[in-house]
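Visitor: I would like a close look at a single part of this chain. Please start from one pair of residues, work outwards from there, and say what the terms mean as you go.

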Amino acid sequence: MAEALVTIREAEVVVATAPLVTPFRIATGQHDRMENVFLRLKADNGIYGYGEAAVASHITGETVTGTRDTLQAAADRLVGRTVSDLPELVEEFSPCFTGNHAGLAAFEAALLDIYSRTRGIPLHALFSPPPGCSPRYSFQSDITIVIGSLEEAERAAQRYAAQGFTTFKIKIGRDHELDLVRVRAVRRAAPDSSLILDANMGFTADAMLAFLRRLEGMGIRPALVEQPVPKADWEGLAMVTREAARSGILVCADESVGSLAEAERAIASHTVSAINIKFMKSGIAEAARIARFASVHGIRLMLGAMMESSLAITTAAHFAAGMGCFDFIDLDTTFFISGPFAHSPYLDAGGRFNLAAAGPGIGVAPPLG
Ligand SMILES: [Mg+2]
């Protein structure tokens with residue numbers, strides 16, 4: 001089982017930037033460009049493996065320089081090491097990434113990439129579904145309508161609907177009155193679409209429930225509301241979950257849940273009906289543990305992303321395919337990135353992923369120069 005597969009010969013950390021098509025604005029801050037940390041590994045068989053850390057300082061508090069330094073220190077230790085038991089190797093290195101989950105995600109992805117490329121199998125084949133689920137190789141991402149003016153929301157929704165998107169994730173939480181008319185504008189631009197509202201902690205529980213009642217009065221009922229209240233307000237979250245369930249609206253934790261321990265607590269206390277899992281919050285192995293635990297407890301799952309380029313987005317798409325347990329795919333950030341970092345071979349202009357014929361590894365070599 002633990003037979004030596006490859007030995008890591010080179011490990012290089014590169015910070016790369018790319019412009020955005022439009023600033024990615026949410027209630028708590030914004031991204032004006034992509035600035036991510038990449039890990040490139042080379043094995044003794046000549047095969048490369050890539051991983052990406054998408055640092056979202058305004059969400060996680062992690063920084064690009066901190067992530068680069070952490071990743072470089074781990075990468076230096078990795079050179080000369082033989083990859084045989086991958087989970088054991090990741091386990092050994094994970095203490096290097098305490099407080100730096102984006103760095104851990106990059107480290108894990110690069111090793112998974114090199115391991116699956118060497119074995120000649122697509123990355124998704126390394127993940128196994130929770131009980132009751134099976135691999136699913138095609139699925140469609142939602143598309144985000146970022147915080148902005150009414151006109152911006154209207155134009156974006158029209159454009160994305162024309163591209164073929166069918167689920168819209170509307171960022172709300174900065175100006176509640178404007179949010180109401182923005183949501184209505186998106187509904188009008190795409191009448192048959194499914195709506196997700198992501199408040200990024202911008203409401204109190206009472207304000208969120210009042211907002212949903214006013215939407216209901218307009219004949220609009222979102223499928224899911226994400227993180228309505230501040231991350232430590234578990235009581236408020238539970239209250240929104242309870243009340244929204246009467247209208248069949250799911251309530252999803254994002255900022256409140258980043259680890260298996262937090263997921264266990266949220267599920268045991270009936271605080272949410274859904275969880276948004278992201279590699280950049282927990283790393284990849286922990287993401288699989290959260291997905292497995294939540295899935296067997298009947299919690300609906302979303303797979304989300306920070307400002308990730310096609311490398312991390314495609315890694316996540318493999319994960320979604322192999323696990324087969326995600327009801328909501330929120331892997332749309334490449335649509336906000338301009339240039340070669342946006343291209344994934346398995347993603348079309350309408351946000352549809354198809355990994356049925358995926359080649360070895362992740363299938364993306366980022367343009368690091
Ligand atoms: Mg969110």
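Guide: Ile-26 stands opposite Gly-29 in β2. This is a predicted model, with residues numbered from 1 along each chain as its sequence is written; local features need pLDDT of at least 70, side-chain atom pairs count only at pLDDT 80 or more, and totals for chains, interfaces and linings use all residues. Side-chain values use heavy atoms, with hydrogens and water left out.

The residue pair above belongs to a hairpin, in which two residues connect β1 to β2. β1 covers residues 6–26, and β2 covers residues 29–43. Strands here (E, at least two residues) and helices (H or I, at least four) are DSSP runs, numbered from the N terminus. β1 and β2 are antiparallel and share 14 bridges; two strands count as paired if DSSP finds at least two bridges between them.

The hairpin sits in an open sheet of four strands with antiparallel pairing, in the order β3-β2-β1-β4. β3 (48–54) and β4 (82–83) are its edge strands, each pairing on one side only. On the β3 side, seven bridges hold β2 and β3 together in an antiparallel arrangement. One of the matched pairs there is Asn-36 with Ala-54 of β3. On the β4 side, β1 and β4 are also antiparallel and are joined by two bridges. There, Val-6 stands opposite Val-83 of β4.

A helix covers this sheet. α4, residues 101–119, lies across β1, β2, β3 and β4, and runs at about 160° to β3. The angle is taken between N-to-C directions on a scale from 0 to 180 degrees, with axes that are lines fitted to C-alpha atoms, for helices over the stretch in contact.

Ala-43 is a useful residue for seeing how these elements meet. Ala-43 is located in strand β2. Ala-43 counts as buried because its relative accessibility is 3%; buried means under 20% relative accessible area, exposed means over 50%, and partly exposed is in between (1.4 Å probe, protein chains only). Apart from its neighbours within four places in sequence, Ala-43 touches Val-6, Thr-7, Ile-8, Arg-9 and Ile-114, a contact being heavy atoms within 4.5 Å. Val-6 thus appears twice in this account: opposite Val-83 in β4, and in contact with Ala-43. Ala-43 also lies 9.1 Å from Thr-118, C-alpha to C-alpha, although 75 residues separate them in sequence.

For context, there is a second sheet elsewhere in the chain. This one is open and has eight strands with parallel pairing, ordered β6-β7-β8-β9-β10-β11-β12-β13. Its edge strands, each paired on one side only, are β6 (143–145) and β13 (328–329). β6 pairs in parallel with β7 (residues 167–171) over three bridges, and Thr-144 has Lys-169 in β7 as its bridge partner.

The magnesium ion involves residues from this second region. Asp-198 (OD), Glu-226 (OE) and Asp-254 (OD) coordinate the ion at 2.0 to 2.3 Å. Donors are N, O and S atoms within 2.8 Å of the metal (3.2 Å for Na, K and Ca), and since water is not among the atoms, sites may look incomplete. Along the chain, the donors follow the spacing D-x27-E-x27-D. Asp-198 is in strand β8 (residues 194–198), while Asp-254 is in the loop between β10 (250–253) and α9 (260–268), so that this pair links parts of the chain 56 residues apart. Asp-198 counts as buried because its relative accessibility is 0%, and Asp-254 counts as buried because its value is 2%.

Two residues in loops of this region have unusual backbone angles. Most residues other than glycine have a negative phi. Asn-200, which is not a glycine, has a positive phi of about 40°. Asn-200 lies in the loop between β8 and α7 (205–217), and is counted as buried because its relative accessibility is 2%. Gln-227 also has a positive phi, near 35°. Gln-227 lies in the loop between β9 (224–226) and α8 (234–245), and its 0% relative accessibility is why it counts as buried.
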